[in-house]
Amino acid sequence: IQLVKMVKDMRDEKKFQCGDEMAVEPNLFIGAAANPFADPFEYRANRLAKKVAAGADFIQTQIIFNVDKFAEWMKMVRDKGLHEKVKILAGVAPIKSVGAARYMQTKVPGMDVPDALIERLKSVPKEEVSKEGIKLCVDIINQVRQIEGVAGIHLMAIEWEEAVPEITESADLLPRPKPAE
């Protein structure tokens, strides 16, 4: 939060943290991360509010596998009006294997991987699990894009970059929007 504020002051006030003036201010968008699934859950929107107040222009969330809990967090975000002050990019990722899903569920702090997701991956033949992981990612994209306040997604195909074209095509994310002139 302090780093976001420091960079905002550099950009907007042309001042270093020590108070010295800058000859040229940096021209950048300020981003921050948010984890809608970390404990204590009821404070997550308040923490986001602090990052927004400090100057964040956009937020990238932790990977979303529990869409219901993410939707609950987004309701708290909307109740505070934060979705009108910052662009929220929902973190999404494909899962290659049941083992990877179990690992994220049990070994990665701040991840929320529901048992139903693991059961879905287990319900297909082993050679089809990675394909199902891509379908699951597309399903999550289609669900989060319906949640008010979500400005876009942050696709994290960790060590599986070759899955990105299939995901973007299947989720109807192509062609990319043209920048405003």
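Which helix holds both Asp79 and Lys75, and how many residues apart are they? Both lie in helix α3 (residues 67-79), 4 residues apart, or about one turn of the helix. The legends below take this pair and several other spots in turn, all in a predicted model.

**View 1. The whole chain, for orientation.** Welcome to the fold: the chain has 7 helices and 4 strands, which follow one another from the N terminus as α-β-α-β-α-β-α-α-α-β-α. The C-alpha trace spans about 60 × 40 × 30 Å along its principal axes. Of the 181 residues, 40% are buried. Among contacts between residues at least 6 apart in sequence, 72% join residues at least 24 apart. About 10,700 Å² of the chain is exposed, with carbon and sulfur atoms supplying 51% of that area.

**View 2. Asp79 and Lys75 meet in a salt bridge within helix α3.** The closest N and O atoms of this pair are 3.0 Å apart. Asp79 is exposed, at 56% relative accessible area, while Lys75 is partly exposed, at 45%.

**View 3. Lys8, Arg11, Asp12 and Asp57 belong to one network, joined by salt bridges that share partners.** Start with Asp12 and Lys8, whose closest N and O atoms lie 3.1 Å apart. Both sit in helix α1 (residues 2-13), 4 residues apart. Asp12 is partly exposed at 41% relative accessible area, and Lys8 is partly exposed at 23%. Now look across to Arg11 and Asp57, which form a salt bridge of 2.6 Å, N to O. Arg11 lies in helix α1 and Asp57 in the loop between α2 and β2, so this pair ties together parts that are 46 residues apart in sequence. Arg11 is buried, with a relative accessible area of 17%, whereas Asp57 is partly exposed at 24%. A search of the whole structure finds 11 salt bridges.

**View 4. Lys51 is buried without a salt bridge.** This lysine belongs to helix α2 (residues 44-54). The nearest side chain of opposite charge is that of Asp57, 14 Å away. Leaving aside neighbours within four places in sequence, Lys51 is in contact with Ile1, Val4, Ala32, Ala33, Ala34 and Ala56.

**View 5. Two cysteines, Cys18 and Cys137, have contrasting surroundings: Cys18 is exposed and Cys137 is buried.** The relative accessibility of Cys18 is 60%, and that of Cys137 is 1%. If you are looking for disulfides, a search of the whole structure finds 0.

How values were computed:
Residues numbered from 1 in each chain as written. Predicted model: local features only at pLDDT ≥ 70, side-chain atom pairs only at ≥ 80, totals over all residues. Heavy atoms only, no water. Disulfide = S-S within 2.5 Å. Buried < 20%, exposed > 50% of the residue type's maximum accessible area, 1.4 Å probe, protein only. Helix = DSSP H or I, 4+ residues; strand = E, 2+ residues; numbered from the N terminus. Contact = heavy atoms within 4.5 Å. Areas by Shrake-Rupley, 256 points an atom, 1.4 Å probe, with all protein chains shown as cover. Lys, Arg positive; Asp, Glu negative; His and termini not counted. Salt bridge = Lys/Arg side-chain N within 4 Å of Asp/Glu carboxyl O.
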